[in-house]
Amino acid sequence: MHHHLHLTFGKMINLGQIRTAFWKFDQWINVVKTWFSFSCFSIYLRNSSLLVAFVVLFFSCREPFEPEPTQVPTSVLVVEGYLDTEGLASEIKLSRTVPISAQDTLLAESGASVTVLASNGTTYPLQEQNPGVYIFSYDLPEEGEYRLEIILRGGDRYESKLMRPIITPDILDAGFIRDEDGVEVFVNTQGNELADDFLWTFEETYISRPRIRTGYIYDAAIKDVRFSTDEEQIALCFKTEYSPDILLETSSRFQDQVVFKQTITEIPVGDERIQERYSILISQKAIDPDAVKFWETLKRNTEDIGSIFSPLPSQITGNMRSVNGENTPVVGQVSMGVIKQRRIYINLADVAPWGYIDPEFNDCVISEAPVMINEYDQVFSSGFILPVRELMVGTTIVGYFTTSRRCADCTLYASRIKPDFWEDE
């Protein structure tokens, strides 16, 4: 498979990487402290003839040097987003870093006023859809210049540098390759003099099935087992996951700026994502050199853990600044342009044999002993045990063989609601 530049991040691309960067700053301080602790030891060790002096001086020098603790801000506003200028709903996400010791990895910044300001004075307000997530859905002239303005609930103001939208070239092709390692999803595109650097993100949606399927449900109102309706079924679900990577590439590295079979994601053999039918929506975004520099700096901070020569958190800035003053930290990169998208589907039959088996459910079995009619309410009312197979006497159902809910209910792990975009085979 092809290997390209991947930038790993958490549920939002900010917290996992920014928190890691601040943690690395602490590591850098510890490296310095350790060097001072042993430097005195090494000086006297070189002169082996002064053994007595070494012993005395070693014990007098073994106190580690403790530099004054550096004040590293633990609550930094983080701004991220790519605003589409042709009306495609896009997001600005606002959040704050938290201390490494905190249990939460995400602290959404809610209640802010977020607005795009055009150089001609026109304003485009964003609406908060979910905590810390602000939606932008406007068709703007690409020849204009724009600035993002953020006013927090407490009155703190932030703004971006002026941005000129970049028209992203089309995705020429998207597909997949099946090899011995699994599946590689790729795109082909071509850059130009105005759009040389690309950023790709993706959204995966796939069918999720439970280990044991049942079409029955216990109805407490009638104290009996019946067939489940479409709204109650628990045997077919859909699971959506967002790209854990940011993928960058520069088209001018290739002949005629053609980016051929750029790896978007790799799915190993047996992965649950292709247990039946899989879909991936690929978003291609052209970015400017400053945005490339931001993501590459962030990448070095997250991958070069332990090196004192790596960029420190203060070097991760982006194109956002505080209007209130330089001492108010903010980290983030906001870009504008036309997002180009392509969706593909992969069926299990396309890649078989696949061999998906989740060992977490290897203990799932259908009971050998049935639950009889007079036991329905006692056994099924809790919801932990589900009816799976009927026990017949002649043409009459007199009981059901059962399994546990975790083995038969896909809604514990995914959603039964079919996405609007989903296309069946």
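How many bridges pair strand S14 (residues 197-208) with S20, and in which sense do they pair? The two strands pair in the antiparallel sense over ten bridges. The model described here is predicted. The points below cover strand S20 and its neighbours, a three-stranded sheet, the aromatic pairs, two charges over rings, and the surroundings of Glu149.

**Strand S20 and its partners**

- Strand S20 covers residues 277-287, and eleven of its eleven residues are buried, so the strand is largely enclosed by the rest of the structure.
- In a regular strand, side chains point alternately to one face of the sheet and the other.
- Both faces of S20 are covered. On one side the buried residues are Arg277, Ser279, Leu281, Ser283, Lys285 and Ile287. On the other side they are Tyr278, Ile280, Ile282, Gln284 and Ala286.
- In the pairing of S14 with S20, Asp197 stands opposite Ile287 of S20.
- S20 is also joined to strand S23 (residues 340-347), by eight bridges, and these two strands run antiparallel.
- Here Ser279 stands opposite Tyr345 in S23.

**A three-stranded sheet**

- An open sheet is formed by three strands in the order S12-S13-S19, with antiparallel pairing.
- Its edge strands are S12 (171-179) and S19 (258-268), each of which pairs on one side only.
- On average, and with direction ignored, neighbouring strands of this sheet are turned by 20° against each other.
- Strand S13 (residues 182-190) pairs with S19 in the antiparallel sense over eight bridges.
- Within this pairing, Glu184 has Glu266 in S19 as its bridge partner.

**Aromatic pairs**

- There are 13 aromatic pairs in the structure.
- One of them joins Phe361 and Tyr413 in an edge-to-face arrangement, with 5.5 Å from centre to centre and 75° between the planes.
- This pair links distant parts of the chain, 52 residues apart. Phe361 is in the loop between helix H4 (348-351) and strand S24 (371-372), while Tyr413 is in the segment after helix H6 (405-408).
- Phe361 counts as buried because its relative accessibility is 11%, whereas Tyr413, with a relative accessible area of 35%, is partly exposed.
- The rings of Tyr376 and Phe380 have centres 5.7 Å apart and planes at 40°, so this pair is tilted.
- Tyr376 and Phe380 are separated by about one helical turn because they are four residues apart in helix H5 (residues 376-380).
- Tyr376 is buried, at 2% relative accessibility, and Phe380 is buried as well, at 3%.
- One aromatic cluster is made up of Tyr216, Tyr218, Phe227, Tyr376, Phe380 and Tyr400.

**Charges over rings**

- Lys261 lies over the face of Phe186, at 5.5 Å from the ring centre.
- Arg343 lies over the face of Phe421, and its distance from the ring centre is 3.6 Å.

**Glu149 and its surroundings**

- Glu149 is found in strand S9 (residues 146-151).
- With a relative accessible area of 16%, Glu149 falls under the 20% limit and is therefore buried.
- The side chains of Glu149 and Arg157 are joined by a polar contact of 2.6 Å.
- Leaving aside residues up to four places away in sequence, Glu149 touches Ser113, Val114, Thr115, Leu117, Arg157, Tyr158 and Glu159.

Key:
Residues are numbered from 1 along each chain as its sequence is written. This is a predicted model: local features need pLDDT of at least 70, side-chain atom pairs count only at pLDDT 80 or more; totals for chains, interfaces and linings use all residues. Side-chain values use heavy atoms; hydrogens and water are left out. Rings of Phe, Tyr and Trp (its six-membered ring) pair if their centres lie within 6.5 Å; planes under 30 degrees apart count as stacked, over 60 as edge-to-face and the rest as tilted. Buried means under 20% relative accessible area, exposed over 50%, partly exposed in between (1.4 Å probe, protein chains only). A charge sits over a ring if NZ of Lys or CZ of Arg is within 6 Å of the ring centre and within 35 degrees of the ring normal. Two strands pair if DSSP finds at least two bridges between them. Axes are lines fitted to C-alpha atoms, for helices over the stretch in contact, and angles run from 0 to 180 degrees between N-to-C directions. A polar contact is a pair of N or O atoms within 3.5 Å; within protein, one must be able to donate a hydrogen and the other to accept it, and residues adjacent in sequence count only if both atoms are side-chain atoms. Contact means heavy atoms within 4.5 Å.
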